[in-house]
Amino acid sequence: MSCMVCGAHAQITFYDKDDKSIKSYCRSCNNKIMAERHGLENPEYPQEITVKPNKGKQRRFSVEYLIFDGFHALSAYEIGPTQYQCEVTDDYERPFKDMWDELIRRLKKQISVKYVKKDGSLGDGHKAVGYLMYNDEIDDLAYIVDGIPYPWKEFIGRHIDNHEGWQLKIEFVPTSVEIE
Ligand SMILES: [Zn+2]
């Protein structure tokens with residue numbers, strides 16, 4: 001589908017309650033229209049950023065900001081061999097700058113922590129934080145930890161085998177919420 005305003009590739013398609021029709025827009029036209037409709041700023045921001053961890057090499061991320069009806073979302077996806085990502089969403093009260101600062105802080109934190117050690121164990125923390133996403137190569141959901149996709153059954157199975165007699169806490173959290 002193409003953007004109804006400029007003809008570019010449409011990234012957003014939604015049902016518009018205001019005039020009861022389907023709308024498709026590119027990111028830039030969507031944000032312009034939504035910012036006007038809701039009286040928000042439509043900020044300029046870099047499409048690509050680099051973030052440096054506390055130790056080690058900097059990583060590149062592509063950044064996407066979208067204004068939806070009722071909330072706005074700022075996301076970053078790593079460009080490169082690993083697949084770190086982060087999303088900050090909030091209502092309109094929260095200024096863009098504030099969301100931007102949270103995004104950078106959380107990315108820096110994520111890439112500074114390593115949950116899986118070289119030998120494949122979870123180390124002294126006995127803990128992993130990651131996200132679940134479909135992966136083409138393994139044709140199944142991957143559990144992405146330290147930016148690396150693992151087949152989820154294999155990952156969970158291995159660490160359960162290593163922790164017989166321990167307690168296990170399972171908690172599902174949306175990607176927009178920071179996990180400690
Ligand atoms: Zn457009």
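H159 is partly exposed in this predicted model, because 18 other C-beta atoms lie within 10 Å of its own, while a buried residue needs 20 or more. H159 belongs to helix α3, which covers residues 152–161. Between H159 and N30 there are 44 Å in space, C-alpha to C-alpha, and 129 residues in sequence.

Helix α3 lies across three strands, β7, β8 and β9, and runs at about 80° to β9. These strands make up an open sheet in the order β7-β8-β9, with antiparallel pairing. The edges of the sheet are β7 (130–135) and β9 (148–151); each has a single partner strand, so one side of each is left without a neighbour in the sheet. From one strand to the next, the twist averages 40°. In the pairing of β8 (residues 140–145) with β9, A142 stands opposite P151 in β9.

Another antiparallel pair is formed by β1 and β2. The two strands form a hairpin with 4 residues between them. In the turn, K20 has a positive phi of about 50°. Across the pair, F14 stands opposite K23 in β2. Of the 5 residues of β1 (residues 12–16), the number buried is 0, so the strand lies largely in the open.

The table sets out two of the strand pairs.

| Strand pair | Sense | Bridges |
|---|---|---|
| β1 (residues 12–16) and β2 (residues 21–25) | antiparallel | 5 bridges |
| β8 (residues 140–145) and β9 | antiparallel | 4 bridges |

Strands of a sheet pair through backbone hydrogen bonds, in either a parallel or an antiparallel sense.

Terms used
Residues numbered from 1 in each chain as written. Predicted model: local features only at pLDDT ≥ 70, side-chain atom pairs only at ≥ 80, totals over all residues. Buried ≥ 20, exposed ≤ 12 C-beta atoms within 10 Å, placed from the backbone. Pairing = 2+ DSSP bridges. Axes fitted to C-alpha atoms, helices over the stretch in contact; angles between N-to-C directions. Contact = placed C-beta atoms within 7 Å.
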